[in-house]
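The exercises below ask for a careful reading of sheets, cores and pockets, each followed by a worked solution. Please look through the sequence and the structure before starting.

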Amino acid sequence: MKKIAVFIFSFFILVFSYAENVQKYTLSNGIEVYIRDNQINEIDAMQIFLVGGTAYYPKELSGIEDVTFDMMLYGSKNYTYEQFKDTLYDLCSSGGSSAAHYTGKLYMVSIRENFLKTMDVFLDGFLEPRFEKKYFDLIMQNNAQHIQSMLNDPVSLGFYEADKVFFEGLAGETSSTVTPESFDNISLELVKEHHKSLMDAKRIKIAAVTGMDKDEFLAALEKKLGSIPSVSDEIKMPPIEKPKIAGAPIKLVHESAAGAGYIMRFYRAAPLIADDFYAEALAETIFSSNMYNVIRSKYGACYTPYCTNNGGMSNTGYELIYKCTDYGNIIAAMKEARELMAKNKIITGLDKKGNYIFSTIEAELESYKNQYITASYSSQQKTSSLAARMVSGIVLYNNPEALDNTIDKIRAVKPADIKKAFEKYVLSDEERWVSVTGENDLSKIALPGGE
């Protein structure tokens, strides 16, 4: 009987090997399923995701997909919210939802023996959310709190206002999270309509890390998802845009920044998929040490400075001065840190007289590679992280294994790559300065590019 079942199943499941570690399958309606065999442990993971993200809604409805995926976790046709929580607790399973610029998703983690039951609970929520108003109100209340928290935090406010300027008139105006401008536009009825638009087999994909029987797993997916129609002719994706960085400085006032404000210098950064992305990221990591040793250790001009980028496709990088206490000298100190890095002078500390102790990129690079890898990829062997990495590879590269060799790419970066990326991005003349200070501090700082 098992052989007959497998034979029948093969009529509506097309299977072929994608690569050595990941196998790709297709359900009868075209939904793609990517499976990595779990040889690590008995904990399996799955993510169901939709490609396209913010390309499918306007800036006026920013965050609607995030709210819609949240609603999938608050009960379904066959499970009340309480039953949903209790079932996951009994199964020792967990999961959640998220929405980003390019995709929205549900994710779950379960011990293998309970994997199919856990999947049934999550897919039930995905297909037929209960849409109870009291939980919609709760989700929107949480969003209101997040918005208020952002407005109360000077740094978050600075980034939010900067992004509005950088992406004005571009597709990047649409946010994956609810914004102050979109909050009042999102209703339960619109969420229900948005959910209907998600039921498109063309956009839906599955990524799983599991050691269970593949035929059994795929049969369960086919039973739950195989009837979803394929609606779209082609998938819309948010474009990779160049943010509009250059322009007059932006000065914001925030009472929480009185006496010790925040200064940001923005520049255009390498897209996440660019060949020099990791060279830039490493350059920023190294430069952050230079900033600390110049701005904090030598001049004591702020609590802490650092340099990094947002890690997106339409990417921005920035230098951040956190709690500045010396507005008169901070711009010069930041410039000094850049100029020293540009001369291949990497500061490892100060001597007893307060003079810099210098090294070079060539001498320090391997240490910084280890630091960057440890900070960014220390948890990559968890099954949940493997599933998330597969999703990112599929969405960004159309290859579930595209990010498997990330550490090798970081290891391959050479000193010359660091210098080139630093000059191209961090030293770019196309910059925009932003400050967030108290009202009485506005006149104390002269940002470059201003009057």
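A nonpolar core is here a set of buried Ala, Val, Leu, Ile, Met, Phe, Trp, Tyr and Cys residues joined through side-chain atoms within 4.5 Å, where buried stands for under 20% relative accessible area. The model is predicted.

**Exercise 1.** State how many residues the largest nonpolar core has, and which helix gives the most to this core.

Solution. Applying the definition above, one finds that the largest nonpolar core has 52 residues, and that Val 33, Met 46, Phe 126, Phe 217, Leu 221, Leu 225 and Ile 228 have the most contacts inside it. The helix that gives the most to this core is α4 (residues 115–127), with seven residues. Taking Phe 126 as a starting point and setting aside its neighbours within four places in sequence, one finds contacts with residues including Ile 48, Leu 50, Phe 69, Met 72, Leu 106, Leu 225 and Ile 228. There is also a second, separate core of 46 residues, and among its members are Ala 301, Leu 340, Ile 361 and Tyr 372.

**Exercise 2.** Work out the strand order of the open sheet of five strands, and then find which helices pack on this sheet.

Solution. The order is β8-β14-β9-β11-β10, and the pairing is mixed. At the edges stand β8 (250–253) and β10 (302–309), each of which pairs on one side only, while the twist from one strand to the next averages 10 degrees. Within the sheet, β9 (residues 261–268) and β14 (residues 431–437) are antiparallel partners over six bridges, and Arg 265 stands opposite Trp 433 in β14. Helix α6 (residues 154–166) packs on the sheet by touching β8, β9, β11 (316–324) and β14, with its direction at about 30 degrees to that of β9. Helix α10 (residues 330–342) likewise packs on the sheet, touching β9, β11 and β14, and its direction makes about 135 degrees with that of β11.

**Exercise 3.** Describe how β5 and β6 are joined, and then identify which elements supply the lining of the largest pocket.

Solution. Strands β5 (residues 94–99) and β6 (residues 103–111) run antiparallel and are joined by six bridges, with a hairpin of three residues leading from β5 to β6; Gly 96 stands opposite Tyr 107 in β6. Both strands, together with α2 (64–71), α5 (133–152), α6 and α12 (383–397), each supply at least two residues of the pocket lining. Of the 50 lining residues, His 101, Thr 174, Ser 175, Ser 176 and Thr 177 lie nearest the centre of the largest pocket, which holds about 1,600 Å³ of space. The most is given to this lining by α5, with six residues.

Note on methods. Residues numbered from 1 in each chain as written. Predicted model: local features only at pLDDT ≥ 70, side-chain atom pairs only at ≥ 80, totals over all residues. Heavy atoms only, no water. Pairing = 2+ DSSP bridges. Helix = DSSP H or I, 4+ residues; strand = E, 2+ residues; numbered from the N terminus. Axes fitted to C-alpha atoms, helices over the stretch in contact; angles between N-to-C directions. Contact = heavy atoms within 4.5 Å. Buried < 20%, exposed > 50% of the residue type's maximum accessible area, 1.4 Å probe, protein only. 1 Å grid on protein atoms, 1.4 Å probe; cavity = no way out; pocket = protein on both sides within 12 Å on 5 of 7 lines; lining within 4 Å. Points joined across faces, edges and corners; volume = space filled by probe spheres on them.
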